[in-house]
Amino acid sequence: MTALIDPQKIPQRILPDGAKIPCIGMGTFGSDRYTPGQVAEAVAGAIRCGYRLFDCAAVYGNERLIGDVFQAAIEEGAVKREDLYITSKVWNDKHGEGDVLLSCAQSLHDLKLDYIDAYFVHWPFPNYHAPGCDGDSRNPDSRPFFVEDFMATWRQMERLVEMRSVRHIAMSNMTIPKLEAVLPLCSIQPALIEMELHPSFQQPELYAYCVERNILPVGFCPIGSPSRPERDKTPDDVVDIEMPEVVKIAKAHNVHPAIVCLKWAVQRGQVPIPFSTRKENYLDNLRCVTEDFLTEEEMALLAGADKNCRLIKGQVFLWEGASSWKNLWDLEGVIDRSGWAKA
Ligand SMILES: NC(=O)c1ccc[n+]([C@@H]2O[C@H](COP(=O)([O-])OP(=O)(O)OC[C@H]3O[C@@H](n4cnc5c(N)ncnc54)[C@H](OP(=O)(O)O)[C@@H]3O)[C@@H](O)[C@H]2O)c1
């Protein structure tokens with residue numbers, strides 16, 4: 001079966017070990033809005049369109065159905081396993097000794113794979129919240145980031161590489177102070193770091209920090225996640241697809257503003273992983289990286305449009321004594337454990 005868009009036409013990024021990864025992928029978080037069946041159906045359609053990179057996670061609750069899709073696509077000959085780049089992530093309640101290995105085994109089983117291309121530590125602390133909980137809920141067991149905790153988790157990630165269960169290991173929702181503390185301790189460096197990236201939240205320092213260290217930034221919420229869960233919305237949030245700069249460029253190219261966000265992301269250098277269950281949208285999202293590029297002036301206009309507007313604030317992960325979601329992001333340049341009183 002030939003894909004609608006030839007995957008060979010999708011530019012590839014090269015990871016430090018020479019492995020290739022498409023410059024754009026598809027997200028699979030249904031945002032508590034789309035059922036596992038709807039997301040799996042979109043993945044099946046996306047493979048037929050020519051997507052080869054899929055961003056999965058245990059906590060999205062849909063790996064089993066997505067795994068059925070991968071298995072069927074490989075068996076039917078629609079795609080070869082080695083042409084897919086599949087990620088998964090260990091959730092916050094599986095950081096304990098041995099749990100990372102069990103969690104990865106479960107994802108391998110659900111995704112029906114014998115290896116995962118990149119396995120992420122989803123959040124850098126073991127703070128669990130129940131799926132679908134509201135934004136004010138707090139878990140009394142939540143802790144701030146501690147280097148020793150994180151490294152105990154990372155050692156298990158390294159073990160997964162040794163066991164050949166995963167090809168690359170990766171981090172997500174990190175900050176420069178946390179990376180400064182842990183990178184010198186890692187026997188295996190992260191090949192990728194997933195972070196929130198869209199025109200109104202460009203994280204230029206963290207982005208540059210990763211690129212300088214040969215770590216590929218993967219950008220989540222690349223369109224500004226218009227259908228994210230209500231708990232992640234505040235009245236001050238910028239809507240990327242309504243930003244005047246984005247809308248102006250979209251008009252000039254006669255495309256939806258979402259497409260401008262994705263072209264900007266790929267031309268800047270990060271790997272965006274947009275989510276959509278609508279075929280016309282996910283097809284456009286893939287096609288847009290093969291044609292009609294943004295000009296240097298348009299890229300500069302978007303670079304200047306950053307509003308430092310974080311959408312996924314993570315407030316449900318706060319520990320007792322913390323006062324604001326900002327405590328999670330080390331805004332003062334040091335690891336923030338504000339209000340933490342427990343020994
Ligand atoms: N590591 C982490 O902690 C983390 C956190 C958040 C997200 N993620 C990953 O990042 C992925 C993407 O983030 P996201 O899903 O929150 O946000 P997103 O990709 O920025 O936005 C998705 C929304 O954009 C709309 N959309 C997509 N393509 C469009 C187009 N061409 N035209 C118009 N609208 C379009 C979709 O609506 P339709 O369905 O109607 O097309 C959907 O509502 C997730 O699925 C997940 O894999 C990771």
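## A loop residue at the surface

Glutamate 291 sits in the loop that connects α9 with α10 (296-303), where helices (H or I, at least four residues) and strands (E, at least two) are DSSP runs numbered from the N terminus. This is a predicted model, in which local features need pLDDT of at least 70 and side-chain atom pairs count only at pLDDT 80 or more, while totals for chains, interfaces and linings use all residues. Residues are numbered from 1 along each chain as its sequence is written.

Is glutamate 291 buried or exposed? Glutamate 291 is exposed, because 9 other C-beta atoms lie within 10 Å; a residue counts as exposed with 12 or fewer such atoms within 10 Å of its own C-beta atom, as buried with 20 or more, and as partly exposed in between, the C-beta atoms being placed from the backbone. Although glutamate 291 and lysine 9 are 282 residues apart along the chain, their C-alpha atoms are separated by 10.0 Å.

## A buried strand residue

Valine 166 belongs to strand β7, and it is buried, because it has 25 other C-beta atoms within 10 Å. Its C-alpha atom is separated by 5.2 Å from that of tyrosine 115, which is 51 residues apart from it along the chain. When neighbours within four places in sequence are left aside, the contacts of valine 166 (C-beta atoms, placed from the backbone, within 7 Å) are Cys104, Tyr115, Ile116, Tyr119, Leu160 and Val161.

## The nonpolar core

In soluble globular proteins, nonpolar side chains tend to be buried together. Here the largest nonpolar core has 87 residues, and those with the most contacts inside it are Val43, Tyr119, Ala170, Ile193 and Leu262. Helix α8 (residues 257-268) gives the most to this core, namely eight residues. Such a core is a set of buried Ala, Val, Leu, Ile, Met, Phe, Trp, Tyr and Cys residues joined through C-beta atoms within 7 Å.

Not counting residues up to four places away in sequence, alanine 170 touches several residues, among them Tyr119, Phe120, Pro190 and Ile193.

## Two helices with a buried side

Helix α1 (residues 36-49) has 14 residues, which at 1.5 Å a residue should span 20 Å, and its end C-alpha atoms are indeed 20 Å apart; the expected span is 1.5 Å times one less than the number of residues. The buried residues of α1 are Val39, Ala40, Ala42, Val43, Ala46 and Ile47. Seen down the axis of α1, they fall within an arc of 155 degrees, so they line one face of the helix, the arc being that of the directions from the helix axis to the C-beta atoms. Among the elements that cover them are β3 (26-27), β4 (53-55), α2 and α9. Just after α1, glycine 50 has a positive phi of about 120 degrees.

In helix α3, the buried residues are Val100, Ser103, Cys104, Ser107, Leu108 and Leu111. They cover an arc of only 140 degrees around the axis, which puts them on the same side of α3. These residues pack against α2 (63-76), β5 (85-90), β6 (116-121), α4 (147-162) and β7 (166-172).

## Around the ligand

Of the 31 residues around the ligand, Gly27, Ser225, Ser227, Phe275 and Ser276 come nearest, a residue being near if its C-beta atom, placed from the backbone, lies within 6 Å. The largest share of this shell, three residues, comes from α9.

How values were computed: Contact = placed C-beta atoms within 7 Å.
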